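This report describes one protein model for a reader who is new to structural biology. Please keep the sequence and the structure in view while reading.

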Amino acid sequence: MSMQQHIEQTLQQGLEPTWLSVTNESHMHRSSGPDAESHFKVVVVSALFDGERLVARHRRVNTLLAQALQSGVHALALHTYTPAEWQARAALAPDSPNCAGHK
């Protein structure tokens with residue numbers, strides 16, 4: 001199982017999201033090789049986030065992904081929304097910025 005698949009499966013089970021997108025952005029980072037799985041963008045929409053502040057949501061995701069974070073995942077760009085927040089954003093997540101060392 002790839003790291004991306006592991007992240008997707010773990011978040012599906014732990015958050016029961018109505019929307020989940022896990023994008024491997026390792027290719028955007030100079031320090032990563034062509035097959036790297038070290039940098040990911042995660043967009044997750046879950047009713048479990050209702051009433052939680054952003055920090056609590058990120059802690060929840062980081063706790064679920066603790067093993068991945070200890071096994072080579074260098075960076076997670078987390079975008080966590082409640083269903084109402086996601087609808088208000090017209091189901092659009094922010095674009096990722098270019099890495100400072102990426103050409």
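Which residues does T10 touch, not counting residues up to four places away in sequence? T10 touches L64 and L65, where contact means heavy atoms within 4.5 Å. T10 is buried, at a relative accessible area of 17%, as buried means under 20% relative accessible area with a 1.4 Å probe and protein chains only.

The model is predicted: local features need pLDDT of at least 70, side-chain atom pairs count only at pLDDT 80 or more, and totals for chains, interfaces and linings use all residues. Residues are numbered from 1 along each chain as its sequence is written, and side-chain values use heavy atoms, leaving out hydrogens and water.

The pLDDT, the predictor's confidence in each residue from 0 to 100, averages 87 for the protein, and 86% of the residues score at least 70. Helices (H or I, at least four residues) and strands (E, at least two) are DSSP runs, numbered from the N terminus. Confidence is lowest and highest in the following helices.

| Helix | Residues | Mean pLDDT |
|---|---|---|
| α3, lowest | 66–69 | 90 |
| α2, highest | 54–64 | 97 |

The open sheet has 3 strands in the order β1-β2-β3, with mixed pairing; two strands pair if DSSP finds at least two bridges between them. Its edge strands, β1 (19–24) and β3 (75–81), each pair on one side only. Strands β1 and β2 (residues 39–45) run antiparallel and are joined by 6 bridges. L20 has V44 in β2 as its bridge partner.

T10 belongs to helix α1 (residues 3–15). Helix α1 lies across β1 and β2.

Key. Buried means under 20% relative accessible area, exposed over 50%, partly exposed in between (1.4 Å probe, protein chains only). Axes are lines fitted to C-alpha atoms, for helices over the stretch in contact, and angles run from 0 to 180 degrees between N-to-C directions.
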